[in-house]
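Trainee: Could we take a close look at one strand and what surrounds it?

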Amino acid sequence: SSLFQFLEQVDTRALNKRACEALIAAGALDGFGTRAQLLAGLDAAYSEVQTRRAEEEAGQASLFDAGGDDTRRPDPELPDVPDWPEQDRLTREKDALGFFISGHPLDRYHELVRAFGPANTSNLMELRGKEVEFACVVTKVERQLSRKDNSEWGRVTVEDFWGTAQVLGFRDSWTAARDLVVQDAAIVVRGKVSDSDRDADDPPVFLDGAESLEALRTSGRVALTLDVERGQTFPDGFFQRVKTAIQAHPGPAPVVLKVGPGNGSAAPRLRSRSLRVDPNREALEALTDLFGAGRVRLERV
C-alpha cells in the first residue's frame with residue numbers, strides 16, 4: 001500500500017535504488033503516489049529499510065521497537081512536492097522503457113498533427129520519391145562528419161503516433177535546422193522520401209527544413225476551421241456564443257467556416273475578416289462543445 005511497504009517486502013540487494021528509480025520513472029509504482037513524490041522520498045525510505053534490516057540481522061531492537069508495534073518508529077512518508085511536468089514525465093519514461101506508455105509528446109498537438117497529414121512514419125514506403133511534410137517528435141540525434149569535406153550532417157530518429165522514421169540532414173538544410181532538430185523537440189519535418197532501392201524497406205527522409213510545432217501553432221499559417229452542414233439550423237444566440245469563445249483566446253490563426261458539402265458542389269469556405277484565434281487546446285475544446293465532435297479542426301493556410 002506504500003513505497004515503504006514495497007521496499008520492506010523485496011530484497012533491496014536484488015532491487016537496488018537505481019533499479020527502483022527506473023521503476024518509478026516507468027510508472028510501475030504509480031499506485032503509491034506521484035512519480036515526483038516517489039523519487040523525492042526514495043532515499044529516506046531506502047535508508048530506513050536498510051537500517052531496520054541491519055538491526056534485525058544484528059539481533060538488535062531500537063528503543064522504540066522494544067515496546068511492540070504501537071511504539072514502533074514511524075514509517076517515512078512521501079514529501080509534498082509538485083508533480084513533474086508532462087514532458088519531463090514522458091522523457092523519463094522513455095529513458096527507462098525505450099518507449100512512451102502513459103502518453104505521447106505529440107498528444108497536446110493532436111489537432112496540429114492531423115493538419116499535416118496524410119504523410120506519417122507508417123506510409124513513407126508508399127511516398128518514395130515524393131516531397132512530404134509531417135509532424136513528429138525527435139527521439140535521437142546523431143551528428144556526424146562527412147568524409148568528403150568534413151562538413152557536419154545529421155542522422156535523426158523521429159516518432160509520431162504511428163511509428164518511427166529516419167531523417168537525414170545535409171549541408172545547408174542541416175545547418176539551418178540543426179538547432180531546432182534536438183532531442184524531444186516537437187517539430188514539422190519537410191523533405192523528400194528516398195527512392196533508392198537500398199532504402200526500399202525503410203526509406204529515410206532527406207531533410208529540406210523543419211519548424212517547431214509550438215511556433216507553428218501561433219504563426220498564423222494554420223487556420224481554425226469550423227464545419228457546418230448546408231441548411232443546418234442553429235439555436236438563437238449560437239454564433240454569439242461562438243464569437244465569445246473565439247474572443248476568449250485571441251491569437252493569429254484565421255477562422256474559417258466551411259459550409260457543405262451539398263448537391264455535389266464544392267463546399268464554400270468563409271473566412272472571417274475580424275476574428276482570429278490562438279488555436280490552443282482550450283479554444284478547440286470550447287468550440288467542440290458548441291459544434292460537436294469532428295466539427296472543429298486545424299488546417300494549413
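Trainee: How many bridges join strand S3 (residues 164-169) to S5, and do the two run parallel or antiparallel?

Mentor: Happy to. This is a predicted model, so local features need pLDDT of at least 70 and side-chain atom pairs count only at pLDDT 80 or more, while totals for chains, interfaces and linings use all residues. Residues are numbered from 1 along each chain as its sequence is written, and side-chain values use heavy atoms, with hydrogens and water left out.

Now your strand. S3 is joined to S5 by 2 bridges, and the two run parallel. Two strands count as paired if DSSP finds at least two bridges between them; the strands (E, at least two residues) and helices (H or I, at least four) are DSSP runs, numbered from the N terminus. Leu168 has Phe206 as its bridge partner in S5. S4 (residues 186-193) also pairs with S5, this time antiparallel and through 7 bridges. There, Val189 is partnered by Ala210 of S5.

S5 spans residues 205-212, and 6 of its 8 residues are buried, so the rest of the structure largely encloses this strand. Buried means under 20% relative accessible area, exposed over 50%, and partly exposed in between (1.4 Å probe, protein chains only).

Where S5 begins, Val205 lies 9.6 Å from Lys130, C-alpha to C-alpha, although 75 residues separate them in sequence. Lys130 sits in the loop between helix H5 (110-115) and strand S1 (131-145), and is partly exposed at 47% relative accessibility. Setting aside residues up to four places away in sequence, Lys130 touches Gly191, Lys192 and Val193, where contact means heavy atoms within 4.5 Å.

Next, Leu213. Neighbours within four places aside, Leu213 is in contact with Leu106, Tyr109, Leu112, Ala135, Ala186, Ile187 and Val188. Leu213 is also among the members that touch the most others in the largest nonpolar core, of 31 residues, together with Leu224, Leu226, Leu287 and Phe291. A nonpolar core is a set of buried Ala, Val, Leu, Ile, Met, Phe, Trp, Tyr and Cys residues joined through side-chain atoms within 4.5 Å. Apart from the largest core lies another, of 21 residues, including Leu124 and Val167.

Phe291 leads on to the rings, as Phe234, Phe238, Phe239 and Phe291 form one aromatic cluster. Rings of Phe, Tyr and Trp (its six-membered ring) pair if their centres lie within 6.5 Å; planes under 30 degrees apart count as stacked, over 60 as edge-to-face and the rest as tilted. Phe234 and Phe238 are stacked, 4.7 Å centre to centre with 20 degrees between the planes. Phe234 and Phe239 are edge-to-face, at 5.0 Å and 70 degrees. Phe238 is buried, at 5% relative accessible area, whereas Phe234 is partly exposed at 26%.

Phe238 belongs to helix H8 (residues 238-247), where Val242, Ala245 and Ile246 are buried too. These four cover an arc of only 100 degrees around the axis, which puts them on the same side of H8; the arc is that of the directions from the helix axis to the C-beta atoms. Their cover includes strands S6 (222-228), S7 (253-259) and S8 (269-277), and helix H9 (281-291).
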